Amino acid sequence: MTDVNGLSIGILGGTGDQGKGLARRFALAGHPVLIGSRSARRAQEAAESVGAGATGDENAAVASQAGLVIVAVPYDGHKALLESLRAELAGKIVVDCVNPLGFDKQGAYALPVEEGSAAQQAAAVLTESRVVAAFHHVSAVVLMDPSVEKVDLDVLVLGDDREATSTVQALAEAIPGVRGVYGGRLRNACQVEALTANIISINRRYKAHAGLRVTDI
């Protein structure tokens, strides 16, 4: 397993529920965590709420300083943010966990993405970064719940760079109970992102915070 001890993690969009949840778990696991936002003040407030030594700053500063960056912004601002941070993210592993979803009276549904998926869109924009898709199906409620010591979940990790996917698999396993599972090339990220709509439907029907487990490996 790849050694990720001491790896600093920046989370763009870290003031949202999923971003704060991931920040909390990685900070508790001993990683230096930097929360990014358009507003440094909001980022600092989010970091204070996370605790465990997390810090906050503007997105550009976080993208520059972190060793690995997770993108957890809403899909409608995804492409523009990444375009603005090309230089800061060059050479880094960038983990995209954005789910392009729409919502109507019937519930959640997957949105079409010209590049195929949000992760492929990130790769098209960040041509000098190592883009990996992961953390799409992690419940923010579970991540933030202090009574949940172990998270019952497999994280599917997709990408075209073997070293980068191995790093992200190891990072996922820094969260107690979680297993990082290689899920294929980046071109297969579309159905992983879209599956989030099904999981939301499961959660609404069963009043749960469902995750995903892969059997026989």
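A residue is called buried in these legends when its relative accessible area is under 20%, exposed when that area is over 50%, and partly exposed in between. The views all come from a predicted model.

**Close-up A. Helix 1 and helix 2 pack against each other at an angle of about 50 degrees.** Two packed helices are described by the angle between their axes and by the distance between those axes. Here helix 1 covers residues 17–28 and helix 2 covers residues 40–50, and their axes lie 9 Å apart. The angle therefore makes helix 1 oblique to helix 2, and the crossing of the pair is right-handed. Which residues make the contact? Helix 1 brings Lys20, Ala23 and Arg24, while helix 2 brings Ala46, Ser49 and Val50. Sorted by character, the residues of this contact are three nonpolar, one polar and two charged.

**Close-up B. Cys97 and Cys190 are shown here as cysteines in no disulfide.** The disulfide count for this model comes to zero. For Cys97, the nearest cysteine sulfur belongs to Cys190 and is 16 Å away, whereas a disulfide would need the two sulfur atoms within 2.5 Å. Is Cys97 buried or exposed? With a relative accessible area of 1%, Cys97 is buried. Seen from the other end, Cys190 has the sulfur of Cys97 as its nearest cysteine sulfur, again at 16 Å. Cys190 is partly exposed, because its relative accessible area is 36%.

**Close-up C. Lys79 sits in helix 4, which spans residues 78–84.** What does Lys79 touch, once residues up to four places away in sequence are set aside? Its partners are Glu115, Gln121 and Val125. It is also worth finding Ala124 in this view: 45 residues separate Lys79 from Ala124 in sequence, while their C-alpha atoms are 9.7 Å apart in space. Lys79 itself is partly exposed, since its relative accessible area is 34%.

**Close-up D. Ile93, in strand 5 (residues 93–96), is the focus of this view.** With a relative accessible area of 9%, Ile93 counts as buried because the value falls under 20%. Which residues are in contact with Ile93, leaving aside neighbours within four places in sequence? They are Leu68, Val69, Arg130, Val132, Ala164, Thr167 and Val168. Look for Val131 as well: Ile93 and Val131 are 38 residues apart along the chain, and their C-alpha atoms are separated by 5.9 Å.

**Close-up E. Asp104 belongs to strand 6, residues 101–104.** How far is the C-alpha atom of Asp104 from that of Gly91? The separation is 39 Å, for two residues that are 13 places apart along the chain. Asp104 is partly exposed, because its relative accessible area of 44% lies between 20% and 50%.

**Close-up F. Arg204, in helix 9, is shown with its contacts.** Setting aside neighbours within four places in sequence, Arg204 is in contact with Phe103, Gly107 and Ala108. One of these partners, Gly107, is 97 residues from Arg204 in sequence, yet the C-alpha atoms of the pair are 9.1 Å apart. Arg204 is exposed, since its relative accessible area is 53%.

**Close-up G. Phe135 and Lys207 each have a positive phi without being glycine.** Most residues other than glycine have a negative phi. Phe135 has a phi of about 65 degrees, and Lys207 has a phi near 50 degrees. Where are these two residues found? Phe135 is in the loop between strand 8 (130–133) and helix 7 (140–144), and Lys207 lies in the segment after helix 9 (189–206). Phe135 is buried, with a relative accessible area of 1%. Lys207, in turn, is exposed, with a relative accessible area of 75%.

Terms used
Residues numbered from 1 in each chain as written. Predicted model: local features only at pLDDT ≥ 70, side-chain atom pairs only at ≥ 80, totals over all residues. Heavy atoms only, no water. Axes fitted to C-alpha atoms, helices over the stretch in contact; angles between N-to-C directions. Helix = DSSP H or I, 4+ residues; strand = E, 2+ residues; numbered from the N terminus. Parallel < 35°, antiparallel > 145°, perpendicular 65-115°, else oblique. Left-handed = near helix turned anticlockwise from the far one by under 90°. Contact = heavy atoms within 4.5 Å. Nonpolar A, V, L, I, M, F, W, Y, C, P; charged D, E, K, R; others polar. Buried < 20%, exposed > 50% of the residue type's maximum accessible area, 1.4 Å probe, protein only.
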